[in-house]
Every structure is written in C-alpha cells, then in structure tokens.
Amino acid sequence: MSKNVLITAGASGIGKAMAEAFEKNGDSIWIVDSDREAIEKCSNNWNKSILDVRDEKSILKLFEEIKLKWKGVDVLCANAGIKGPTSLIENISLEEWKDCLDINLDGVFLFSKLVAPIMKKQRSGSIIITSSTAGIFGFSHRSPYVTSKWGVIGLMKSLAIELGSYDIRVNAICPGSVEGERLEKVVEAEIASKRMTREEIYNAYTAGTSMKKLIKAEDIANMALFLSGHGSRLVSGQVIAVDGHTEVPDPKV
Ligand SMILES: NC(=O)c1ccc[n+]([C@@H]2O[C@H](COP(=O)([O-])OP(=O)(O)OC[C@H]3O[C@@H](n4cnc5c(N)ncnc54)[C@H](O)[C@@H]3O)[C@@H](O)[C@H]2O)c1
C-alpha cells in the first residue's frame, strides 16, 4: 500500500536518495529543505516546502498543509543535520556549538513532536532518524556533531518507548562515510585542521571498517525503505549502522 513519506533535508544527499527510493516504491513524497535552489531542482511529483528545521512557526504551518493534503503521515525521515565545526574544543565558539545542536537536535525534536499525534491517531507509523557512526563512537575535532548524533539516539530510544503501544516504530540509521559533496567538504576541513593529505584522510575513513568501502546514499535509502515496511514490523528502538562495519573508528585521524 502506498505510504505518505515526509523527509527533512530531502533536496540533496541522503534525503534526496530516500525520496527517490520511496517514490520508486510507489509512495507519496513530501520533502522539506532550507535550500531553495536545491529544492527547485527536485522532482515536481513531490510536495516540496522550503523551511529551516529550527523554525517552529514554519513547521506548524507545514503540518497544517500536510493535514489538509494528506490523510496521515506513515513515515517521517528526520534526516536534516549539518557537520558542524571541525576543530579542537578550545577553538569552537559557543555559537558554532549551538548552531550544530540546534539544527541536528531541534529539527528532529520538532518534526517528531508534530508527527507523533498524527501517527498516534492512525495507530501506525515509522519514524526514521538519521544519526551517524558519530552517534556510536567518539571522533576527535567533531565534538558538537558527535554530541548531537548521540543526542538523537537518546530521543529515538525514548520515543520508541512512548509510541510503541500505538504500533509506531522509531529507529535510527547510522551511516558511515557517504560518498559525495558533503564528505568532500568534511575532508577539505580536515585537510586544513589536521595537516593531512586528501588521500590519507579518505584512506582513514575506510581503514577502520571491515569492508573497506565508502557508503552510497542509496545504501541508506534502502535501509529506510526496509524500516518503513512490513518486513520490519517488530523492529523498534534500534540503532542500525550502515557503515561496512566500523571496527575502530577514525584510526589514524
Ligand atoms: N554524508 C555522510 O557521510 C553522513 C554520514 C553520517 C551521517 N550523515 C547524516 O545524514 C544526514 C544527511 O546528510 P547528507 O550527507 O545527505 O547532507 P547534505 O549536506 O548532502 O544535505 C543536507 C541537506 O540538508 C539541508 N539543510 C541543512 N540545514 C538545514 C536546515 N537547517 N533546515 C532544513 N534543511 C537543511 C541542506 O540544504 C541540504 O539539502 C545528516 O543528518 C548527516 O549528519 C551523513
């Protein structure tokens, strides 16, 4: 049966790959993203809203629109997150810390808060939060990001308990390093901050994994599809890494 799927940060990277995978599955898509240009380039078959995931007022308005257009929401992919500063803690400003936590935590909180009553009423739903391997391990030079990604795991675990008896499942996907523009930006920042070459940094990303491969956005989208479907009907409260099995995180960096 076709599902209504709401995806934050759906205009690029992992969120866009999720939207494409759900669309191929026959589902209806609603993406939100703060990047107007990126959202305009996305399929016109999708519902699209330009907003910042920290902006409660705009999100309240969005949910009014969703309620008018859709009967319910079957899947929320709370996916928006920024990489935050790449630096030692003594060089990170309070503003940079707060900015990273606001987007990565408040966004997931606000969307979960508003989707929960809808899913409770329909007595079904799947909330899929994008955390990171940074939500399982620690990483040097990335303390705000790591903190935020552990934070969403705590939220996921709590919501899974609050919502389980309504047949609403809540899980977190922890991607490893996903190929693409975003990773390139992280690598650029690390070249500057760690005085290593691009090759050394890319090698370090896969060196600590059993499978020695970078992840593709489609790998994450496939896991989201699984977590939204009947095949995972009793999977909730789980932290699921899609990372080629991280043995030793960040071994050389
Ligand atoms: N790419 C990776 O290697 C990787 C690894 C682990 C986890 N993740 C997580 O996956 C999620 C998606 O990452 P990605 O790599 O696809 O990122 P991306 O940078 O490719 O895309 C992020 C999208 O988020 C949007 N966005 C940024 N801030 C926003 C805000 N405040 N409100 C609304 N939209 C906003 C951007 O406009 C962009 O379209 C993030 O939570 C990220 O932390 C990514």
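A residue counts as exposed here if 12 or fewer other C-beta atoms lie within 10 Å of its own, and as buried if there are 20 or more. Keep that cut-off at hand, and keep in mind that the model you have open is predicted.

**Stop 1: His 245**

Select His 245, in the segment after strand E7 (239–242). His 245 has 12 other C-beta atoms within 10 Å, so this residue is exposed. Now look at the backbone: phi is positive at His 245, about 65 degrees, although the residue is not a glycine. Most residues other than glycine have a negative phi.

**Stop 2: His 141**

Move on to the loop between strand E5 (125–130) and helix H5 (143–163), where you will find His 141. This is another non-glycine residue with a positive phi, here about 70 degrees. Is His 141 buried, exposed or partly exposed? Its C-beta neighbours inside 10 Å number 19, so His 141 is classed as partly exposed.

**Stop 3: Pro 144**

Step into helix H5 itself and select Pro 144. With 22 C-beta neighbours inside 10 Å, Pro 144 counts as buried. Which residues does Pro 144 touch, leaving out those up to four places away in sequence? Highlight Gly 84, Pro 85, Ile 92, Glu 96, Trp 97, Cys 100 and Leu 101 to see them. For a distance label, pick Leu 101: its C-alpha is 6.7 Å from that of Pro 144, although the two are 43 residues apart in sequence.

**Stop 4: helices H3 and H4**

Next, colour helix H3 (residues 56–69) and helix H4 (residues 94–122), whose axes are 11 Å apart and make an angle of about 30 degrees. An angle under 35 degrees counts as roughly parallel, and H3 and H4 are therefore roughly parallel to each other. The crossing of H3 with H4 is right-handed. To see where they meet, show Glu 56, Ile 59 and Phe 63 on the H3 side, and Leu 110, Phe 111 and Leu 114 on the H4 side. By class, this contact holds five nonpolar residues, one charged and no polar ones.

**Stop 5: helices H6 and H7**

Now select H6 (181–194) and helix H7 (residues 198–207), which pack with their axes 9 Å apart at an angle of about 120 degrees. That angle makes H6 oblique to H7. H6, too, passes its partner H7 in a right-handed crossing. Val 187, Glu 190 and Ile 191 of H6 meet Arg 198, Ile 201 and Tyr 202 of H7. Four of the residues in this contact are nonpolar, two are charged and none is polar.

**Stop 6: the ligand**

Keep H6 on screen and add helix H1 (13–24): each of these helices supplies at least two residues of the shell around the ligand. How many residues surround the ligand? There are 26, and the closest are Ala 9, Gly 13, Asp 35, Gly 81 and Ser 132. Colour the shell by class and you should find eleven nonpolar, nine polar and six charged residues.

**Stop 7: Ser 232**

Finish in the loop between helix H8 (217–228) and E7, at Ser 232. Ser 232 has 17 C-beta neighbours inside 10 Å and so counts as partly exposed. Beyond its neighbours within four places in sequence, Ser 232 is in contact with Phe 226 and Leu 227. For a last distance label, choose Arg 169, which is 63 residues from Ser 232 in sequence and 9.1 Å away in space, C-alpha to C-alpha.

Terms used: Residues are numbered from 1 along each chain as its sequence is written. This is a predicted model: local features need pLDDT of at least 70, side-chain atom pairs count only at pLDDT 80 or more; totals for chains, interfaces and linings use all residues. A residue is near a molecule or strand if its C-beta atom, placed from the backbone, lies within 6 Å of it. Helices (H or I, at least four residues) and strands (E, at least two) are DSSP runs, numbered from the N terminus. Ala, Val, Leu, Ile, Met, Phe, Trp, Tyr, Cys and Pro count as nonpolar, Asp, Glu, Lys and Arg as charged, and the others, Gly among them, as polar. Axes are lines fitted to C-alpha atoms, for helices over the stretch in contact, and angles run from 0 to 180 degrees between N-to-C directions. Angles under 35 degrees count as roughly parallel, over 145 as roughly antiparallel, 65 to 115 as roughly perpendicular and the rest as oblique. A crossing is left-handed if the near helix is turned anticlockwise from the far one by less than a right angle, and right-handed if clockwise. Two residues are in contact if their C-beta atoms, placed from the backbone, lie within 7 Å.
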